[in-house]
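I opened this notebook page to keep a record of what I looked up, one topic at a time. The entries are in the order in which I went through them.

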Amino acid sequence: MKKLNREEIEKILPHRAPMLLLDEAWEGGGAYTIKGDEFFLQGHFPTQPIVPGVILCEIMAQSVCVTFQGQFEGKNTFLTGIDGIKIRNKVVPGDTFRTEVVIKKKFGPMFWLDAKGYVGDKLCISGVLQFAIG
């Protein structure tokens, strides 16, 4: 799969601004540059903005949906679980947060994916995301 831009991502994901959190995506990952004016930074923290871990999980989850693109026509992809998340480094305005997602296990309509998020080569977050197709 080639790299998709934001316009192409909007054809796959139902998310729209301010919740569309991918600037580009490809099979197995995506990237989003933290601009500094995002809604989730307004109070987290006003004098030293840091991207909340739940938002990093959302960016990884959106990457999963793009990875599944074309495999489940007419069906929705739902995040159903987040396991073993470890936040190792902060993500701040100006950083480009890059995700890597790999299918770990499949059982019926359920998928478990290893998910990692990086800034440069520095691992910032990792864990397992669970999805249901339906």
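What follows are my entries on cysteines, core, pocket, peptide bonds and a few single residues.

**Entry 1: the model and its cysteines**

I note at the start that this is a predicted model, and I read everything below with that in mind. I looked for disulfides and found that the structure holds zero of them. Cys57 takes part in no disulfide, and the cysteine sulfur nearest to it, that of Cys124, is 12 Å away. Why is Cys124 without a bond to Cys57? A disulfide calls for two cysteine sulfur atoms within 2.5 Å, and the sulfur of Cys124 is 12 Å from that of Cys57, its closest cysteine sulfur, which is too far for a bond. I also checked whether these side chains are buried or exposed: Cys57 counts as buried at 7% relative accessibility, and Cys124 is buried too, with a relative accessible area of 0%.

**Entry 2: the largest nonpolar core**

I next looked up the largest nonpolar core, which has 34 residues, and I wrote down those that touch the most other members, namely Ile9, Val51, Val91, Phe97 and Phe131. Helix H2 (53–67) supplies at least two residues of this core, as does each of the strands E5 (96–107), E6 (110–119) and E7 (122–133). Which element gives the largest share? I found that H2 does, with nine residues.

I then followed Ile9 and listed its contacts, leaving out neighbours within four places in sequence: Leu4, Leu20, Leu22, Asp23, Glu24, Ala25 and Val66.

**Entry 3: the largest pocket**

I looked up the volume of the largest pocket and recorded about 330 Å³. The pocket is lined by 17 residues, and those closest to its centre are Ile12, Cys65, Lys75, Asn76 and Thr77. How do the residues of the lining divide by character? I noted seven nonpolar, seven polar and three charged.

**Entry 4: the loop between H1 and E2**

I turned to Leu21, which I located in the loop between helix H1 (6–10) and strand E2 (24–26). At 1% relative accessibility Leu21 counts as buried, since the cut-off for that word is under 20%. Not counting residues up to four places away in sequence, I found Leu21 touching Tyr32, Phe40, Ile55, Glu58, Ile59 and Gln62. I also took one C-alpha to C-alpha distance, from Leu21 to Leu56, and wrote down 9.3 Å for a pair 35 residues apart in sequence.

Pro14 also has its place in the loop between H1 and E2, but I recorded it as exposed, with a relative accessible area of 68%. From Pro14 to Ile34 the sequence separation is 20 residues, and the C-alpha atoms are 21 Å apart in space.

**Entry 5: cis peptide bonds**

I checked omega angles next, bearing in mind that most peptide bonds are trans. The bond from Ala17 to Pro18 is cis, with omega near 10°, and Pro18 is placed in the loop between H1 and E2. The bond from His44 to Phe45 is cis as well, with omega near -10°, and I found Phe45 in the loop between strand E3 (29–33) and H2.

**Entry 6: Glu27 and Asn5**

I located Glu27 in the loop between E2 and E3, where it counts as exposed at 52% relative accessibility, given that exposed means over 50%. With residues up to four places away in sequence left out, Glu27 touches Met1 and Thr67. The C-alpha atoms of Glu27 and Met1 are separated by 5.8 Å, although the two residues are 26 apart along the chain.

My last look-up was Asn5, which I found in strand E1 (residues 4–5). Is Asn5 buried, exposed or partly exposed? At 39% relative accessibility I entered Asn5 as partly exposed. Asn5 and Glu24 are 19 residues apart in sequence, and I recorded 4.7 Å between their C-alpha atoms.

Notes: Residues are numbered from 1 along each chain as its sequence is written. This is a predicted model: local features need pLDDT of at least 70, side-chain atom pairs count only at pLDDT 80 or more; totals for chains, interfaces and linings use all residues. Side-chain values use heavy atoms; hydrogens and water are left out. Buried means under 20% relative accessible area, exposed over 50%, partly exposed in between (1.4 Å probe, protein chains only). A nonpolar core is a set of buried Ala, Val, Leu, Ile, Met, Phe, Trp, Tyr and Cys residues joined through side-chain atoms within 4.5 Å. Helices (H or I, at least four residues) and strands (E, at least two) are DSSP runs, numbered from the N terminus. Contact means heavy atoms within 4.5 Å. On a 1 Å grid over the protein atoms alone, a cavity is a set of points where a 1.4 Å probe fits but cannot get out, and a pocket is an open set with protein on both sides within 12 Å along at least five of seven lines; lining residues have an atom within 4 Å of a point. Grid points are joined across faces, edges and corners, and a volume is the space filled by probe spheres set on the points. Ala, Val, Leu, Ile, Met, Phe, Trp, Tyr, Cys and Pro count as nonpolar, Asp, Glu, Lys and Arg as charged, and the others, Gly among them, as polar.
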